[in-house]
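Hi everyone, thanks for coming. Today I'd like to walk you through one protein model, piece by piece, so please have a look at it with me.

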Amino acid sequence: MTQPYGESLRLGKALISLGSNATSPAGGPVETIQAAISSLDDGPFEILARSRLYVSPFVPKGAEPDVVNAVVEVSTPLDPAMILARLHKIETSFDRIRRERWTNRTLDLDLLTLDQMILPDQPTLREWVNLPFDKQKSATPEELILPHPRLQDRAFVLVPAADIAPDWRHPLLDRTIREMLDALPDDVVSPVRPLDP
């Protein structure tokens with residue numbers, strides 16, 4: 001299902017991941033994530049569910065300080081491009097500067113899913129899902145990819161997402177969030193620790 005970028009959707013449900021490992025105007029990473037969640041529960045978004053906060057090793061491991069992560073489910077009438085623009089605006093308000101990928105950031109907001117939508121199309125999504133790890137750091141898509149092409153690989157996303165949407169099913173891989181999480185090796189999942197067990 002492909003949705004034209006400029007058109008408004010009926011109310012859709014989106015999963016958005018949050019990550020921080022640097023100080024923002026709101027404070028440290030925990031305060032930043034909490035403030036960002038409050039920012040998301042406003043205007044065109046209504047938060048339906050939120051995960052616990054987790055701490056996970058930076059990817060690539062050891063390159064930077066650990067990251068505080070969470071996932072929220074929101075209801076929104078916005079289309080994917082409008083959601084992304086809104087997320088970037090919120091990131092900027094927390095002093096996020098987009099200089100290079102995979103480095104410290106005050107706030108990282110990623111649109112993971114919007115209902116069962118695939119963007120831009122199945123072949124492109126399949127290509128990005130299957131991209132080898134060594135190419136992921138240098139290759140950047142020129143268009144919005146949905147679901148997020150690394151969703152199935154990232155314990156720091158799947159663990160909090162499983163708190164609130166374990167039964168959401170990937171429209172390309174035909175696996176739920178819980179099934180994708182269970183498929184990851186234990187040594188990848190176990191370092192993702194809840195802040196409040």
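Let me start with a question: which residues of α1 are buried? They are T32, I33, A36, I37 and L40. Before we go on, please keep in mind that this is a predicted model.

Now, where do those residues sit on the helix? They cover an arc of only 135° around the axis, so they lie on the same side of α1. And what do they pack against? The buried residues of α1 meet β1, β2 (46-50), β4 and α2. As for the helix itself, α1 has 12 residues, and from its first C-alpha to its last it reaches 16 Å, close to the 16 Å expected at 1.5 Å a residue.

Let's move on to α2 and do the length check again. With 14 residues at 1.5 Å a residue, α2 should span 20 Å, and its end C-alpha atoms are indeed 20 Å apart, so the two values agree. The buried residues here are P80, I83, L87, I90 and E91. Because they cover an arc of only 100° around the axis, they are on the same side of α2. Turn to the other side of α2, and you find K89 and T92, which are exposed. What covers the buried residues of α2 includes β1, α1, β4 and β5.

Both ends of α2 deserve a look as well. At its start, a side-chain oxygen of D79 comes to within 3.2 Å of the backbone nitrogen of A81. After α2 comes D95, with a positive phi near 65°.

Next, the nonpolar core. In soluble globular proteins, nonpolar side chains tend to be buried together. In this model the largest nonpolar core has 28 residues, and those touching the most other members are L18, I33, L40, V72, L87 and L111. Which elements supply at least two residues each? They are β1 (12-20), α1 (29-40), β4 (67-76), α2 (80-93) and β5 (108-114). You've already met I33 and L40 among the buried residues of α1, and L87 among those of α2.

Let's zoom in on L111. Leaving aside residues up to four places away in sequence, L111 touches A14, L15, I16, P80, I83, L87, L144, L146 and H148. There is also a second, separate core of 21 residues, and L151, V157, W168 and I177 are among its members.

Now for the charged side chains. How many salt bridges does the structure hold? There are six, and I'll show you some of them. In one of them, the side chains of R105 and D108 meet at 3.0 Å, N to O. Both R105 and D108 are buried. Another joins D153 and R150, at 2.9 Å, N to O. Here D153 is partly exposed, with a relative accessible area of 35%, whereas R150 is buried, at 6%.

A further salt bridge links D174 with R169, and their closest N and O atoms are 3.4 Å apart. Is D174 buried or exposed? D174 counts as exposed, because its relative accessibility is 51% and the cut-off for exposed is over 50%. Its partner R169 is partly exposed, with a relative accessible area of 34%. Together with E179, these two residues are linked in a network of salt bridges.

Last, a few backbone details. Most residues other than glycine have a negative phi, and most peptide bonds are trans. With that in mind, let's go back to D174: it is not a glycine, yet its phi is positive, about 55°. D174 lies in the loop between α5 and α6 (177-182). D115, also not a glycine, has a positive phi near 50°. You'll find D115 in the loop between β5 and α3, and at 30% relative accessibility it counts as partly exposed.

And where are the cis peptide bonds I'd like you to see? One joins L119 and P120, with omega about -5°, and P120 lies in the loop between β5 and α3 (122-129). Another joins L146 and P147, with omega about -10°. P147 is in the loop between α4 (133-136) and α5 (155-164).

That's my tour. Thanks for listening, and I'm happy to take questions!

Methods:
Residues are numbered from 1 along each chain as its sequence is written. This is a predicted model: local features need pLDDT of at least 70, side-chain atom pairs count only at pLDDT 80 or more; totals for chains, interfaces and linings use all residues. Side-chain values use heavy atoms; hydrogens and water are left out. A salt bridge is a side-chain nitrogen of Lys or Arg within 4 Å of a carboxyl oxygen of Asp or Glu. Buried means under 20% relative accessible area, exposed over 50%, partly exposed in between (1.4 Å probe, protein chains only). A nonpolar core is a set of buried Ala, Val, Leu, Ile, Met, Phe, Trp, Tyr and Cys residues joined through side-chain atoms within 4.5 Å. Helices (H or I, at least four residues) and strands (E, at least two) are DSSP runs, numbered from the N terminus. Contact means heavy atoms within 4.5 Å. The expected span of a helix is 1.5 Å times one less than its number of residues. The arc is that of the directions from the helix axis to the C-beta atoms. A polar contact is a pair of N or O atoms within 3.5 Å; within protein, one must be able to donate a hydrogen and the other to accept it, and residues adjacent in sequence count only if both atoms are side-chain atoms.
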